[in-house]
Amino acid sequence: MSKIDFIDYICRPYCMFFREGEKEEMACLGARVAETLGEKALFDPEESAAWDKDESAWRDPDRDALLFENVCRPCEFRAEDCEYRSDDPPADAEPCGGLILLSLLMARSLIDKTALENCL
Ligand code: SF4
C-alpha cells in the first residue's frame with residue numbers, strides 16, 4: 001500500500017469532480033489503475049501529487065486513444081457518468097483525475113501500454 005491515500009494524489013490534485021468531504025461509493029477505473037501502478041512502485045505518489053495538471057498530456061491524440069482502449073472502454077462510469085467520454089463532450093470537459101494522472105505518467109515515460117495492460 002502506498003503511504004498516502006489515493007484521494008491525496010489522484011482525486012484532490014487532478015479530478016475536477018472531487019468535492020472535499022463527499023464520499024464516493026466506487027472509484028472510476030482510471031483511479032484504480034493509477035493506484036495499482038503506485039502500489040507497484042512505478043511512480044512516487046507523493047511526488048506526482050505536486051505535478052502541474054498539464055492539459056497537453058491528455059490532449060495528445062495517440063496517448064488519448066491508448067488510454068481510451070485500455071482504461072475508459074472497460075470503465076463502469078463511461079456509459080452514463082463520464083462527460084469527457086460522452087458522444088458530445090463540452091470543449092472544457094476533463095477526464096477523471098485517474099486518467100489525468102495516467103496521461104501525466106505516460107508523458108513522463110514512467111508507464112507505457114504494457115504497464116496499463118498488466119493492471120487489468
Ligand atoms: S475518463 Fe471517464 S471513462 Fe475514462 S476512466 Fe475516467 S471516468 Fe472512466
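Among the contacts in this protein between residues at least 6 apart in sequence, 83% join residues at least 24 apart, and I would like to keep that figure in view while we go through the structure, which, I should say at once, is a predicted model.

The secondary structure comes to 8 helices and 0 strands, so that, read from the N terminus on, the elements run α-α-α-α-α-α-α-α. The radius of gyration is 13 Å, close to the 14 Å that the globule rule gives for 120 residues, and the protein is therefore as compact as a globular protein of that length. Along its principal axes the C-alpha trace spans about 40 × 35 × 25 Å, and buried residues make up 33% of the 120 residues.

Let me turn to the second helix, H2, which covers residues 29–39. Of its 11 residues 8 are buried, and H2 is therefore largely enclosed by the rest of the structure. Which residues of H2 are the buried ones? They are Leu-29, Gly-30, Ala-31, Val-33, Ala-34, Glu-35, Leu-37 and Gly-38, and you will notice that Glu-35 is on that list. What covers these buried residues includes helix H1 (6–14), helix H3 (45–48), H5, H7 and helix H8 (113–117).

Ala-31 is a useful example from this helix, since it lies in H2 and counts as buried because it has 26 C-beta neighbours inside 10 Å, where 20 or more are needed. Leaving aside its neighbours within four places in sequence, Ala-31 is in contact with Phe-6, Ile-10, Cys-11, Cys-96, Gly-97 and Gly-98. Pro-74, for its part, is 43 residues from Ala-31 in sequence, and the two are 13 Å apart in space, C-alpha to C-alpha.

Some of those partners come up again where H1 meets H7. The axes of these two helices come within 8 Å and cross at roughly 105 degrees, which means that H1 is roughly perpendicular to H7. On the H1 side the contact is made by Ile-10, Cys-11 and Tyr-14, and on the H7 side by Gly-97, Gly-98, Ile-100 and Leu-101. By class, this contact of H1 with H7 has 5 nonpolar, 2 polar and no charged residues. If you compare the lists, Ile-10, Cys-11, Gly-97 and Gly-98 take part in this helix contact, and Ala-31 of H2 is in contact with those four residues as well.

Now to the ligand. Which residues come nearest to it? Of the 15 residues around the ligand, Gly-30, Cys-72, Cys-75, Cys-82 and Cys-96 come nearest. The elements that give two or more residues to this shell are helix H2 (29–39), helix H5 (61–72) and helix H7 (97–107). Taken by class, the shell has 11 nonpolar, 2 polar and 2 charged residues, and I would add that cysteine is counted here among the nonpolar residues.

Of the cysteines just named, Cys-75 deserves a closer look. It is found in the loop between H5 and helix H6 (78–81), and Cys-75 is buried because 21 other C-beta atoms lie within 10 Å. Apart from its neighbours within four places in sequence, Cys-75 is in contact with Cys-28, Leu-29 and Gly-30, and of these Leu-29 and Gly-30 are buried residues of H2. The C-alpha atoms of Cys-75 and Ala-27 are 9.8 Å apart in space, although the two residues are 48 apart in sequence.

Finally, the loops hold some residues of another kind. Most residues other than glycine have a negative phi. Ala-41, which follows H2 and has its place in the loop between H2 and H3, has a positive phi of about 65 degrees although it is not a glycine. Is Ala-41 buried or exposed? Ala-41 counts as exposed, because it has 9 C-beta neighbours inside 10 Å. Ser-109, in the loop between H7 and H8, likewise has a positive phi, of about 55 degrees, although it is not a glycine, and with 7 C-beta neighbours inside 10 Å Ser-109 also counts as exposed.

Asp-52 lies in the loop between H3 and helix H4 (56–59), and it is exposed because 8 other C-beta atoms lie within 10 Å. Its C-alpha atom and that of Glu-20, 32 residues apart along the chain, are separated by 20 Å.

Methods: Residues numbered from 1 in each chain as written. Predicted model: local features only at pLDDT ≥ 70, side-chain atom pairs only at ≥ 80, totals over all residues. Near = placed C-beta within 6 Å. Helix = DSSP H or I, 4+ residues; strand = E, 2+ residues; numbered from the N terminus. Buried ≥ 20, exposed ≤ 12 C-beta atoms within 10 Å, placed from the backbone. Contact = placed C-beta atoms within 7 Å. Rg over C-alpha atoms; globule rule 2.2 N^0.38 Å. Axes fitted to C-alpha atoms, helices over the stretch in contact; angles between N-to-C directions. Parallel < 35°, antiparallel > 145°, perpendicular 65-115°, else oblique.
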